[in-house]
Amino acid sequence: MVSFIIAVVLLVLGYLVYSKAIERMLGVDPARKTPALEHPDGVDYVPMKPWRVYLIQFLNIAGVGPICGAIMGAQFGTSSFLWIVFGSIFAGAVHDFIAGFISLRRDGASLPEIHGFYLGKRTKLVMRIFTVVLMVLVGAVFVNTPAILLNNNFTPGWNIFIWVGLIFAYYLIATLVPIDKLIGKIYPVFGLLLLAMAVAIVVAFAMYQPHIPELWEGLQNRHPDAAHNPIFPMMFISIACGAISGFHATQSPLMARCMTNERQARPIFYGAMITEGIVALIWAAAAAYFFGPESPVDTTGKGGPAMVGVIANEWFHPVVATICILGVISAAVTSGDTALRSARLIVADFMKVDQKPIRKRLYVALPVFAAAAGLLVFSLLDAKGFDVIWRYFAWSNQVLATVTLWAVTAFLCYKHKAYIVTLLPAVFMTMVTSCFLLVAEKEGLGTLIPHWLGYTLGAVVTAVVTVLFFRYVRRIEK
């Protein structure tokens, strides 16, 4: 428990100290007009109160990431605590803050446009396609999870495609209506519910005083299949939203179009990520106890969603446990619809389609929804379909974070700022994503080449990418 408390304190200090240093470096200007005030359109560019924007940003970036991802990461042992803390402070929150700030300064530009500004037109074209594909994957994943949870826990006799249809219908409505009409009104409530779930677990810590592993007990890999799941890079892919996630930077432009002052950028972008880190840490600590030898129940083979039920049913009254499960469902649903909304905006920006008429919004949204529906049917009809989609989603998510880190590093280079703050995370995440393809046995080449060779090749790829990046930056500066 001592390690857990220290980790929470470090996350809070990261926000109070490090985020202010980043804010000073960026040169936040409270007198500068934001996109929402410059040209409100009543659909996507809508001024909203800062506390609403913060809660919506928190819920959008969180979803089930800091819950299921943190639970899966806890299988690796206490090293997951370190990644959540230092990843959130020095990588994830900085990634979210600077990407969101650039969008704020560039008229609410979507993420691929930001990539294009600083990494070139070719990168922009590739990332437009890549990001839309990722948003479709997120939409499919976050229909699948709540549909299964709802069907299994509340309507076991139903055909699951009834829930799929209902969730998709809601997604379409939420994607098309003005952001303040639905998202702006109910998402802050869901954000508070997600926070309340985390507080409830902290209360359970105080009541039951479970043995949460300490850092000084060792950082050894405790994964049940440790031989085939090395901490590096597997843990760093599993814990995405709780430390760093490319999906976050796709959501930041949504909120950059609703902010009324640049000073709001630090609490909304950096602060929401730190809040998510704390939530992830709480769930990881709870899961670490249930995965440990003193667990009162057998958790062998249980994944993220199943462990949510275990934790809720063991520690909470049935009513509270039901609310907890509903909270997880709402978190998944609210990330799925904003992912598809982001996809609509990215495609609209690319094709220069005016989004004021709802008819044109529908034209852009329907192909995106059709692609998500196709993936979803595959994930439900094929026994291993969801696992395949989830693995591709997790890796793609971290690749997007890596490219975004290189883009914001280029931004800092051009502005002659201390680019080291994003360069180090960019290099590290390049190593993580490269090694994953070379070391992972199910998703990569881990069964074909020895791990030492995979790590060596990953280091070579990282070195080459770093050299090419600086050559590109120097050429552009000249």
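# Salt bridges and backbone oddities

Student: Is Arg-344 buried or exposed in this one?

Tutor: Arg-344 is buried, as its relative accessible area is 1%. Keep in mind that the model is predicted.

Student: What does Arg-344 pair with?

Tutor: Its salt-bridge partner is Asp-44, and the closest N and O atoms of the two are 3.2 Å apart.

Student: Where do the two residues of that pair lie?

Tutor: Arg-344 belongs to helix H14, residues 318-351, while Asp-44 is in the loop between H2 and helix H3 (50-62), so the salt bridge ties together parts that are 300 residues apart in sequence.

Student: And Asp-44, buried or exposed?

Tutor: Buried, because its relative accessible area is 5%, which is under the 20% limit for that word.

Student: Why would an arginine and an aspartate pair up at all?

Tutor: In general, side chains of opposite charge can pair when their charged atoms come close.

Student: How many salt bridges are there in total?

Tutor: A search of the whole structure gives 6.

Student: OK, another one. What does Glu-262 bind to?

Tutor: Glu-262 makes a salt bridge with Arg-32, with 3.7 Å between the closest N and O atoms. Glu-262 sits in the loop between helix H11 (246-256) and helix H12 (265-291), and Arg-32 in the loop between helix H1 (2-26) and helix H2 (35-38), so this pair ties together parts 230 residues apart in sequence.

Student: Which of those two is buried and which is partly exposed?

Tutor: Glu-262 counts as buried because its relative accessibility is 1%. Arg-32 has 38% and so counts as partly exposed.

Student: What about Arg-128, who's its partner?

Tutor: Arg-128 forms a salt bridge with Glu-113, and their closest N and O atoms are 3.0 Å apart. Arg-128 is in helix H7 (residues 121-153) and Glu-113 in helix H6 (residues 111-119), 15 residues apart. Both Arg-128 and Glu-113 are buried.

Student: Which residues do shared salt-bridge partners join into one network?

Tutor: Arg-32, Arg-105 and Glu-262. You have already met Arg-32 and Glu-262 as a pair.

Student: Changing topic. Where is there a cis peptide bond?

Tutor: From Phe-232 to Pro-233, where omega is near 10 degrees.

Student: Which helix holds Pro-233?

Tutor: Helix H10, which covers residues 231-238.

Student: What's the phi of Asp-107?

Tutor: About 65 degrees, a positive value, although Asp-107 is not a glycine. Asp-107 lies in the loop between helix H5 (79-105) and H6. Its relative accessible area is 39%, so Asp-107 is partly exposed.

Student: And the phi of His-416?

Tutor: Near 60 degrees, again positive in a residue other than glycine. His-416 is in the loop between helix H16 (385-414) and helix H17 (420-439).

Student: Is His-416 buried or exposed?

Tutor: Exposed, because its relative accessibility is 69%, and the word applies over 50%.

Student: Last topic, cysteines. How many disulfides?

Tutor: The count is 0.

Student: What about Cys-68 and Cys-413, where do they stand on burial?

Tutor: Cys-68 has 4% relative accessibility and so counts as buried. Cys-413, at 6%, counts as buried too.

Methods
Residues numbered from 1 in each chain as written. Predicted model: local features only at pLDDT ≥ 70, side-chain atom pairs only at ≥ 80, totals over all residues. Heavy atoms only, no water. Salt bridge = Lys/Arg side-chain N within 4 Å of Asp/Glu carboxyl O. Helix = DSSP H or I, 4+ residues; strand = E, 2+ residues; numbered from the N terminus. Buried < 20%, exposed > 50% of the residue type's maximum accessible area, 1.4 Å probe, protein only. Disulfide = S-S within 2.5 Å.
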